[in-house]
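Q: I am new to this structure and would like a close look at a single part of it, namely chain B. Please go through its sheets, helices and domains with care, and explain each term as it comes up.

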Amino acid sequence: MDVTSELYEGTLDCVHCGLCLSDCPTYLDTGRETSSPRGRIYLMRGVAEGQIELGPGVADELHLCLGCRACESVCPSGVRYGALLERAREQLVDAGLRKGQGPRLERLLLRSLLARPARLHAFISAIGIVRALRLDRLARRLLPAALANAQALLPPIPPSPLRAPLPSWTPAVGERRGRVALLEGCVMRELYGAVGRATIAVLTRNGFEVVVPEGQACCGALHAHAGDLSFARSLAERNVVAFTEQGGAPYDAVVTHSAGCGAAMKESGGWLPGRSDGLAALTRDICEWLDESGLVAEPGRLELRVCYDDPCHLVHAQGIADAPRRLLSAIPGLELVPHAGASDCCGAAGTWSLGHPEMSARILDAKLDAIEAASPAVLTSGNPGCLMQLRAGVEARGLAIRVAHPIELLAEAYGMAVPGQR
Amino acid sequence: MPGVRPPQEAPTSRSDAELIAGLRRIVGNEHCLTRPEDLFAYGCDALTLDAQRPAAIVLPESTEQVASAVALCAYLQRPFVPRGAGTGLSGGAHPTPGAVVISLTRMRRILSIDADDRIAIVQPGVVNADLSAAVAHHGLFYAPDPSSQQVCTIGGNVAENSGGPHTLKYGTTTDHVIALEIVLPSGDVVRVGSDTGFAAGYDLTGVAVGSEGTLGIVTEVTVRLSPIPEAVETLLAIFDDVPSACRLVGRIIESGMVPASLEVIDRRTIEAVEASVYRAGLPQDAGAVLIIELDGAACELQAQLERVRAFAYEEGVRGLEVARDDAERARFWRARKGAFGALGRLAPDLYVHDAVVPRTKLPEILEKICEIGDRHRLRLSNVFHAGDGNLHPNISFDRRDPDELARVIEAGREILELCVAAGGVLTGEHGVGNEKRDYMGLVFDDVDLDAMRRLRDVWNPDGLCNPDKIMPTTRPCMESNPKARGYDAVPID
């Protein structure tokens, strides 16, 4: 961080008013200025201006942040906190402040596992086998804490048909309204194949031809959040090619069914200035796209009491709060019940919960209290990290609440027999 | 992926070691912060000029812990500074070098709510807006509503005697606080006032509210709650210029009406707000917008609304919008309350001034304030509580530019002198802090100031409790307490 950097310029947007404090999960948990958005921005500025050293304390505070970006939703001064955090974390890596076992393991897993579909597939299969043989308890004892936590968070591994690649081309049903591309995602593909299939089903039913372009890569969100911006850039470059430079005529939209991926793609213009602007402009969350283009097929009845919990990277990073609620409300018979703190982070935050299990549990607890009070039959959210965290929380409390992506309910309302999962 | 590691920096001197060891015994390691990052982050509140570094920060969770920490500081003759959310604009929570910051953010429980007697007892770290939210289902609210109410604490409000847009009708914090528990600078815990609102003897609650943390640390607050009015009407009156908006304010007040709120936002501020997340559809070509809020019994309100409408047209209003529902009303208020932060879009820093003038002089004073801004080549904007003459001239600047910073300070001085000469005072709601202490001489003579100093010295005889605030340092007989001043600053760098 130095005073000529883009990062430093970004910190100057903050006038230290403090309106972000009450929306920051780590400030609320600790009561500490240093663990608040305002505090972190001040640290970044302080480092750049040479008032404090770039040391382990700064590194800890920047990695204690969940990156939920709730602060951006309330910042009157328009600080682009998420972008600042990514750049600052990159500099922590460059400065050799991310050396321990945890960071090394995280980087290794993100680069060599998450971004490699075949390896990820084999890895998830292996977990399925371990669980089937009931060896997971033993594994929990043998694995490093973070990995054991990760294993516990994973939902039941879906059957292999649901983990097969999505069809590369699916025709529109009825009158063709357009042609969209779908980002398959890494975790989404392995653990939420039903959501991918539901997404295609709802899109085609509403007149969109769906292409799942070859050569697409992981969106790079988790890499960027971990400070590995160079790897995130290389992934974004592959997606620019896959989604904007091949496949004939341009797509009407590049649709994502994961809030984290959508936010990363929309902001990839910041990673690859000039190069990724086209992809960023085309990207739409599935709920956003359906809301924008309108449903042409009438959903059938679903007599369900449903809560919708905002993924941070949809409501805060993309500013989308109404679209998913409008879509769910369009289902006849479905009762959408509000719950307190719907736009508060659930404590998953990508890989964050693995490194901060205790604080994550406290944050999740508040969320579950609100959900329990609303007592829905289904709890919906549109991001894999949130789905995992919420499912694990609901299960731990023994609540009879199904956790699903909103698009799954919409697909069911269309009468599609999508093999669901809890 | 480690969590935040426990504070482990080596203390910088022997007396620091003793202090920090003691503080850790009181609040526990986790809640005593001494890393350089913490000392840096707690160097200032929302006034970023003149930041200093404390020796440690403690986050106690009980009155007993506050009292012990204060007693330790008193024993070691170490200055200490109470802090809420750090949203103050006069540097009231700025530490002196080597001081201990006592942060009350973990004491955030609402201890009791008595809906029938309309009182609540809260810890000082309770967030202002959270209190109103917690009592809303009783049909009650906590009236003082500073713009930072979503984050600022009741304890901080008590220290600064905070106001807000609704001060016009509902008064400031002092009108809503009836009893306090205070840890005195000696470490003794006292209770002042009573939960009935009546107390025999000296009105010590009145003394403590607005004392800016210089008389002790408030650890419990009994507040009065107000009934949510039966009906509310919120209007936006759009004008070509600020003086016209001020004239309508005068007409409304002189007619005998008591609106809940009369707030003016000028063009530059409108532009900033409309570029922010708090945009409310304010017309960007308007010279000024006046927010008028009327509340009370539904049967009276319609007649008031018609009168306001008639006055507005007589004063040449360009447009008049009435909030259609609570959502739209909330949008208007978010725009107003996000205004300061939104002005952050114009430059890296914002100097939020605060002064009060007789309401009738608003048009001429505002004109002169704008002249001062122009003369110093500064970007000045105005958002203010017009109904009670409480001005907030805001200057956008860059603190890295020493020449501009000097002009900001000079313009600020001229604005204050102007307001005082017009019969006004130095601050309406932000407090004196360390920001304006050297201007106290503009409104008080030596005898006045000496009376204040002697009052402070009764509870804070060693001057350890929030030193260097309120009382001026520039005049010989008003020097701050020698013990506090003579304290050897701990070298931190």
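A: What follows goes through chain B from its domains to its strands and helices, and then turns to its partner chain.

This is a predicted model, in which local features need a pLDDT of at least 70 and side-chain atom pairs count only at pLDDT 80 or more, while totals for chains, interfaces and linings use all residues. Residues are numbered from 1 along each chain as its sequence is written, and chains are lettered from A and ligands numbered from 1 in the order in which they are written.

Chain B has an average pLDDT (the predictor's confidence in each residue, from 0 to 100) of 92, and 93% of its residues score at least 70. Under 50 throughout, by contrast, is the pLDDT of residues 1-11 of chain B, for which the model has 30 contacts beyond four places in sequence, a contact being two residues whose C-beta atoms, placed from the backbone, lie within 7 Å. The pLDDT also stays under 50 over residues 475-493 of chain B, where the model has 37 such contacts.

Chain B is divided into domain 1 (14-103), domain 2 (110-227), domain 3 (231-341), domain 4 (346-421) and domain 5 (444-486), with bounds that come from an automatic or database domain assignment. The centres of domain 2 and domain 5 of chain B, taken over C-alpha atoms, are separated by 26 Å, and seven residues of domain 2 of chain B are in contact with nine residues of domain 5 of chain B.

The strands come next. Helices (H or I, at least four residues) and strands (E, at least two) are DSSP runs, numbered from the N terminus, and two strands pair if DSSP finds at least two bridges between them. An open sheet of four strands in chain B has the order β1-β2-β4-β3, with mixed pairing; its edge strands are β1 (32-33) and β3 (80-83) of chain B, each of which pairs on one side only. β3(B) runs parallel to strand β4 (residues 100-103) of chain B and is joined to it by four bridges, and in β4(B) the bridge partner of R83(B) is S103(B). Packed on this sheet is helix α3 (residues 63-75) of chain B, which touches β2 (56-58), β3 and β4 of chain B, and its direction makes about 170° with that of β4(B).

Further along, strand β5 (residues 110-114) of chain B runs antiparallel to strand β6 (residues 119-122) of chain B, and four bridges join them; S112(B) has I121(B) of β6(B) as its bridge partner. The hairpin of β5(B) and β6(B) has four residues between the strands, and R118(B) takes a positive phi near 55° in it. β6(B) is also joined by four bridges to strand β10 (residues 217-224) of chain B, again antiparallel, and R224(B) in β10(B) is the bridge partner of I119(B).

Among the helices, α8 (residues 242-254) and α10 (residues 298-314) of chain B have axes that come within 10 Å and cross at roughly 140°, where axes are lines fitted to C-alpha atoms, for helices over the stretch in contact, and angles run from 0 to 180 degrees between N-to-C directions. Their contact is made by L248(B), R251(B) and I252(B) of α8(B) and V308(B), F311(B) and A312(B) of α10(B).

Lastly, the contact between the chains takes 40 residues from chain A and 38 residues from chain B, and the predictor gives the complex an ipTM of 0.93 and a pTM of 0.93.
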